[in-house]
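Me: Please take a close look at one helix in this model. I want its faces, its neighbours and its place in the fold, in short sentences.

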Amino acid sequence: MMTNLFSVFDPSTTILNLSLNWLSTFLGLFLIPASFWLLPNRFQVVWNKILLTLHNEFKTLLGPSGHNGSTLMFISLFSLIMFNNFLGLFPYIFTSTSHLTLTLALAFPLWLSFMLYGWINHTQHMFAHLVPQGTPAVLMPFMVCIETISNVIRPGTLAVRLTANMIAGHLLMTLLGNTGPMSANYLILSLILTTQIALLVLESAVAIIQSYVFAVLSTLYSSEVN
């Protein structure tokens with residue numbers, strides 16, 4: 001039962017032992033630019049307002065060192081994750097963000113580049129971050145260890161948070177979907193259908209929130225090294 005339950009996350013489309021499911025990650029590169037060739041519509045106006053709001057917020061988080069290039073990188077990260085989160089809500093479509101392979105591939109290079117940039121260009125600032133201001137001399141060695149560990153596990157927490165939230169919602173929807181056909185009671189079927197719709201709405205909100213959290217935390221980690 002456990003194997004069948006988690007098999008919904010397994011890539012299944014292969015040619016010559018090469019999984020094609022991961023290609024769904026890059027569908028946004030083909031769909032989003034095409035919309036800008038069309039006349040402005042409601043979706044495009046709303047999307048532009050969202051991007052502008054994110055740009056202003058990320059620019060505030062980055063502080064004086066922030067510029068349009070930096071915010072563009074984090075907005076692109078937000079768009080990529082949100083697109084893949086929503087794509088996984090459709091039936092029979094592979095959810096790439098439910099795999100640590102993708103989330104770690106996004107989180108680890110970002111964290112590593114931030115750390116290398118900070119330690120090479122702002123070494124004293126990075127050392128100062130290891131000991132919070134006002135820490136007693138006796139606790140300084142322990143604080144250095146704690147701060148070092150908290151910095152090292154950042155890419156893992158970013159990746160696991162996104163993956164776990166995607167897996168949890170999809171497992172619930174899979175369980176409800178498998179329970180419905182086995183029930184002969186119309187009242188129970190209607191209750192399961194209502195719950196499924198409510199869960200789908202909740203997962204849509206989670207898809208947006210988790211992509212926003214991932215992008216904001218990445219922005220904060222970037223601002224700490226400047």
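**Helix H5 in context**

Reply: In this predicted model, helix H5, residues 100-121, is the leading contributor to the nonpolar surface patch, giving six residues. That patch covers about 610 Å². Its members are Leu100, Leu104, Phe108, Leu112, Leu116, Ile120 and Val160.

Start with Leu100. This leucine belongs to H5. Its relative accessible area is 39%, so Leu100 counts as partly exposed; the band for that label runs between 20% and 50%.

Next, the length of the helix. H5 has 22 residues, and at 1.5 Å a residue the expected span is 32 Å. The end C-alpha atoms lie 31 Å apart, which agrees with that expectation.

Now the buried residues. In H5 these are Leu102, Thr103, Leu106, Ala107, Leu110, Trp111, Phe114, Met115 and Gly118. H5 also matters to the count of the main core. The largest nonpolar core has 28 residues, and Phe58 and Phe214 have the most contacts inside it. At least two residues of this core come from each of H3 (42-62), H4, H5, H8 and H9. H5 provides the largest share, seven residues. H5 therefore appears in two settings: it gives six residues to the surface patch, and buried residues such as Leu102 and Trp111 also sit in this helix.

What does Phe58 touch, leaving out residues up to four places away in sequence? The list is Thr71, Phe74, Ile75, Ala215, Val216 and Thr219. Thr71 can be followed further. This threonine is in helix H4, residues 68-87. Its relative accessible area is 1%, so Thr71 is buried. Beyond its neighbours within four places in sequence, Thr71 contacts His55, Phe58, Lys59 and Leu62.

A second, separate core has five residues, among them Met173, Leu176, Ile192 and Leu199. Met173 is also touched by Leu200, as is Leu89, again not counting residues up to four places away in sequence. Leu200 lies in H9. With a relative accessible area of 37%, Leu200 is partly exposed. Its C-alpha atom is 10.0 Å from that of Leu172, and the two leucines are 28 residues apart along the chain.

What about charged pairs? The structure holds one salt bridge. Arg154 and Glu224 form it, with their closest N and O atoms 2.9 Å apart. The pair joins distant parts of the chain: Arg154 is in H8 (residues 154-179), Glu224 is in H9 (residues 186-224), and 70 residues separate them. How covered are the partners? Arg154 has 14% relative accessibility, so it counts as buried. Glu224 has 28% and is therefore partly exposed.

Finally, the whole chain. It has nine helices and two strands. From the N terminus the order is α-β-β-α-α-α-α-α-α-α-α. Of its 226 residues, 35% count as buried. Among contacts with a separation of 6 or more, 73% join residues 24 or more positions apart. The accessible surface is about 14000 Å², and carbon and sulfur atoms account for 74% of it.

Notes
Residues are numbered from 1 along each chain as its sequence is written. This is a predicted model: local features need pLDDT of at least 70, side-chain atom pairs count only at pLDDT 80 or more; totals for chains, interfaces and linings use all residues. Side-chain values use heavy atoms; hydrogens and water are left out. Patches are made of residues with over 30% relative accessible area and no salt bridge: like charges are joined within 9 Å, nonpolar side chains (Val, Leu, Ile, Met, Phe, Trp, Tyr) within 5 Å. Accessible areas come from the Shrake-Rupley method with a 1.4 Å probe; for residues, only the protein chains shown count as cover. A salt bridge is a side-chain nitrogen of Lys or Arg within 4 Å of a carboxyl oxygen of Asp or Glu. Helices (H or I, at least four residues) and strands (E, at least two) are DSSP runs, numbered from the N terminus. Buried means under 20% relative accessible area, exposed over 50%, partly exposed in between (1.4 Å probe, protein chains only). The expected span of a helix is 1.5 Å times one less than its number of residues. Contact means heavy atoms within 4.5 Å. A nonpolar core is a set of buried Ala, Val, Leu, Ile, Met, Phe, Trp, Tyr and Cys residues joined through side-chain atoms within 4.5 Å.
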